[in-house]
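Please open the model in a viewer and keep the selection tool at hand. The tour proceeds by stops, each of which names what to select and then describes what is there.

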Amino acid sequence: MRIRVVVLILIVLASVNCGYPQKYDSQQAEILTFNVLLNGVIGGIGGAINKSKEEKLHVVLAKNFLIGCLGGSVKYLAKYDAYNISYDHALGANQRFSWNAWMDRFLYYAGHSIVCNASLNKKPWESFQINLYGINFYYSITDSNHFQPKLSLYTLGALIKFGLDGNKFDLKNSLNYGIYYFDVNPKDHGFRCGIATYNVIALNESCQGTTNNVSHEFIHGFQFADYFPISLYAYKPLKNFKSQKLIKPIDRYVIFDIPYQYLFYVLQPKPWHYKNYYEYEARHFAIRAHVER
Ligand SMILES: [Zn+2]
């Protein structure tokens with residue numbers, strides 16, 4: 001009986017692999033592992049820093065590591081699903097309006113919220129947050145249903161920068177994707193297919209098609225958010241500072257979202273495409289095929 005079960009499992013696993021070259025599978029396993037472990041480590045360390053005196057370090061560390069891994073798995077699913085947000089692969093054309101990007105964003109932020117809660121040593125479902133158009137909507141289930149929107153300074157800065165660079169704002173696509181969407185300045189068309197920051201992307205229409213560029217830039221946006229829970233490490237140490245008269249109202253309505261990911265990005269080996277992990281990851285999810293590095 002046991003042998004039959006093992007054989008059945010092997011057949012199922014083998015059928016999952018069908019149709020993909022082995023190399024793609026190993027890249028998939030590598031990127032899944034990275035996403036799960038990165039969030040596990042971020043959650044575990046944050047949870048340990050924000051633990052109470054009575055709690056045992058190794059218990060808190062292990063618990064929040066596992067919660068972080070769970071959040072990382074959800075984020076991975078959202079990144080994987082980003083493949084479908086802009087391009088209808090069956091039709092072979094860009095989609096008009098669809099809810100795919102919005103649904104995908106909610107899924108990603110469900111994972112992000114779990115990792116944030118792990119970093120604060122809270123229960124996985126204690127609060128939910130989502131950033132839409134540079135406003136971070138935070139909702140706490142346990143804290144008297146506390147709801148707090150905050151302005152993302154980094155998004156505001158990116159919006160100004162994209163405008164100054166001569167990119168053209170595209171309202172229709174901004175509504176479609178739940179993100180600020182620009183068309184790349186025609187002067188840059190020769191060397192740029194797309195550019196992304198946290199909540200702002202710019203696309204070069206002439207590059208659209210099978211490269212699935214919108215999904216690629218969308219993934220870059222998520223990569224910024226991947227590292228934001230690091231800021232929660234300072235939650236306890238900064239508690240007194242944030243309660244000061246001058247700081248309190250600013251802290252209530254503004255987020256100083258520090259783009260840690262940018263630092264990790266520029267430290268990568270060159271040429272960036274696709275030796276750079278973040279470019280490799282964005283490409284991997286955008287085309288769902290083996291990426292030559
Ligand atoms: Zn890229």
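A residue is called buried if 20 or more other C-beta atoms lie within 10 Å of its own, exposed if 12 or fewer do, and partly exposed in between, with the C-beta atoms placed from the backbone. Helices (H or I, at least four residues) and strands (E, at least two) are DSSP runs, numbered from the N terminus. The model is predicted: local features need pLDDT of at least 70 and side-chain atom pairs count only at pLDDT 80 or more, while totals for chains, interfaces and linings use all residues. Residues are numbered from 1 along each chain as its sequence is written.

**The whole protein**

Begin with everything selected. The protein has 12 helices and 10 strands. Of its 293 residues, 35% count as buried. Two residues are in contact if their C-beta atoms, placed from the backbone, lie within 7 Å. Among contacts with a separation of 6 or more, 58% are made by residues 24 or more positions apart.

**Strand β9**

Next, select β9, residues 200-203. Which residues point one way from this strand, and which the other way? V200 and A202 point one way, I201 and L203 point the other way, and all are buried.

Keep I201 selected and display its surroundings. Leaving aside residues up to four places away in sequence, I201 touches I179, Y181, G194, I195, A196, E217, F218 and G221.

**The sheet around β9**

Now add the neighbouring strands. Two strands pair if DSSP finds at least two bridges between them. Four strands make an open sheet of mixed pairing, in the order β6-β7-β9-β8. β6 (168-169) and β8 are at the edges with a single partner strand each, so one side of each has no neighbour in the sheet.

Look first between β7 and β9, which pair in the parallel sense over four bridges. Here Y180 has V200 of β9 as its bridge partner, and Y181 has I201. Then turn to β8 and β9, which run antiparallel and are joined by three bridges. In this pairing, L203 of β9 is the bridge partner of G194. The two strands β8 and β9 form a hairpin, with three residues between them.

**The nonpolar core**

A nonpolar core is a set of buried Ala, Val, Leu, Ile, Met, Phe, Trp, Tyr and Cys residues joined through C-beta atoms within 7 Å. Select A82, I201, A202, F218 and I219: of the 42 residues in the largest such core, these touch the most other members. Elements giving two or more residues to this core include α3 (57-81), α5 (153-164), β9 and α7 (213-226). Which element contributes the largest share? It is α4, with seven residues.

**Helix α5 and a second sheet**

Select α5, which lies across β7 and β9 and runs at about 25° to β9. Axes are lines fitted to C-alpha atoms, for helices over the stretch in contact, and angles run from 0 to 180 degrees between N-to-C directions. α5 also lies across β5 and β10, at about 35° to β5.

Those two strands belong to another open sheet of four strands, in the order β3-β4-β5-β10, with mixed pairing. Its edge strands, β3 (127-132) and β10 (254-255), each pair on one side only. β4 (residues 135-140) and β5 (residues 147-152) run antiparallel and are joined by five bridges. One pair to display is N136 with its bridge partner in β5, K150.

**Helices α7 and α12**

Finally, select α7 and α12. Their axes come within 8 Å and cross at roughly 130°. The residues in this contact are S215, H216, I219, H220 and Q223 of α7 and Y278, E281, A282, R283, F285 and A286 of α12.

Is α12 largely enclosed or largely open? Eight of its 11 residues are buried, so α12 is largely enclosed by the rest of the structure. The buried residues are E279, Y280, E281, A282, R283, H284, F285 and A286. Just after α12, R288 takes a positive phi of about 50°.

For a last view, select E281 together with E30, which is found in helix α2 (residues 22-49). E30 and E281 are 251 residues apart in sequence, yet 9.9 Å apart in space, C-alpha to C-alpha. E30 counts as partly exposed because it has 14 C-beta neighbours inside 10 Å.
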